[in-house]
Structure formats: C-alpha cells, structure tokens
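Student: I would like to take a close look at one single part of this structure, and to follow it step by step. Could you walk me through it in one connected answer?

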Amino acid sequence: SSGINAEWTKDPCELHEGHWSWDNKDGFMISYFGLECDRSYATLAASLFFIPGAVAGLMVFGFVSDRFGRRVATATALISSLIVGIGQAVASNFELFLVLRTLNGFCCIGFQANYVTFRNEYFPSSARP
C-alpha cells in the first residue's frame, strides 16, 4: 500500500456532501453561494451581468448629465454605486447578488464616464485631450 487514502485522491465533486470542505482558495462568492461542482458555471454570470448594466448606465447617465449637469449625474452615480455595493456585499442569495451586480454596472459606468468629462472641464480647452 502506498499510504495514500483513496478518499483524498477523488474529485471533491464526486464525494458525498460533508466528506469534504473547500479551502476557499477561489474566493468568497463561490463558497458563500454554493457555486461549487454542478453550479460552477454560475461564477461567470457575475461578470456577464455587469455588462448590460454598464451599457444601460452609459445611456441613462449620458442623458442625465446633459439634462441636469455633470455634477448631479456624477454625485447620483457615486451615491447609488455606494448603496448598491453595500447591498451586494450583504446579498442573501445569488439571484439577488446578480440583480445588484447589474445595478452596480449601471452606477459604476455612469460615474466613471461622467467623472472623466467633469474633471476635464477644469482644464483649459488647449490642455484637454
């Protein structure tokens, strides 16, 4: 006998629940929401759900900044991003996390796009890119 327990060499996804534990090397989201094994595909959803929110945020916050000014749009996006980020951190299930992730994309991109333009307005037009 080689001294190696056959149970230790198996794929953890093939073992019965309770016979293994994750070492959390892949991150908090995977272990907290139970995205191991048969739900491992869902880890990509967190990135994918950010993109539609970002696209919508560019359009909406572009309109808001033109209508109400860049300062209002930037402050609104920043405060909204803070609130959504806190909600994301305390999300109780993965579906709620994905909804908040989409809203996070909406707010973060709205802030970034407006902030760059807002910041450039303080420079003379000859120094702007």
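**A serine and its surroundings**

Tutor: In this predicted model, S81 has a relative accessible area of 16%, and because anything under 20% counts as buried, S81 is a buried residue. S81 belongs to helix α5, which covers residues 70-89. If we set aside the neighbours within four places in sequence, S81 is in contact with N104, C107 and C108, and two of those names, C107 and C108, lead us on to the cysteines.

C107 has a relative accessibility of 5%, so C107 counts as buried too. A disulfide is a covalent bond between the sulfur atoms of two cysteines. A search of the whole structure, however, finds 0 disulfides, and C107 takes part in none, since its nearest cysteine sulfur, that of C108, is 6.9 Å away, where a disulfide would need the two sulfur atoms within 2.5 Å. Looking from the other side, the sulfur of C108 has its closest cysteine sulfur in C107, and that distance of 6.9 Å is too far for a bond.

C107 also has a place in the largest nonpolar core, which is made up of 9 residues: A45, A46, V84, A91, F94, F97, L98, L100 and C107. Helices α3 (43-48) and α6 (94-120) each supply at least two residues of this core, and the largest share, 5 residues, comes from α6. Another member of the core is L100, and, leaving aside its neighbours within four places in sequence, L100 is in contact with V84, G87, Q88 and A91.

Definitions and conventions
Residues numbered from 1 in each chain as written. Predicted model: local features only at pLDDT ≥ 70, side-chain atom pairs only at ≥ 80, totals over all residues. Heavy atoms only, no water. Core = buried A, V, L, I, M, F, W, Y, C linked by side-chain atoms within 4.5 Å. Buried < 20%, exposed > 50% of the residue type's maximum accessible area, 1.4 Å probe, protein only. Helix = DSSP H or I, 4+ residues; strand = E, 2+ residues; numbered from the N terminus. Contact = heavy atoms within 4.5 Å.
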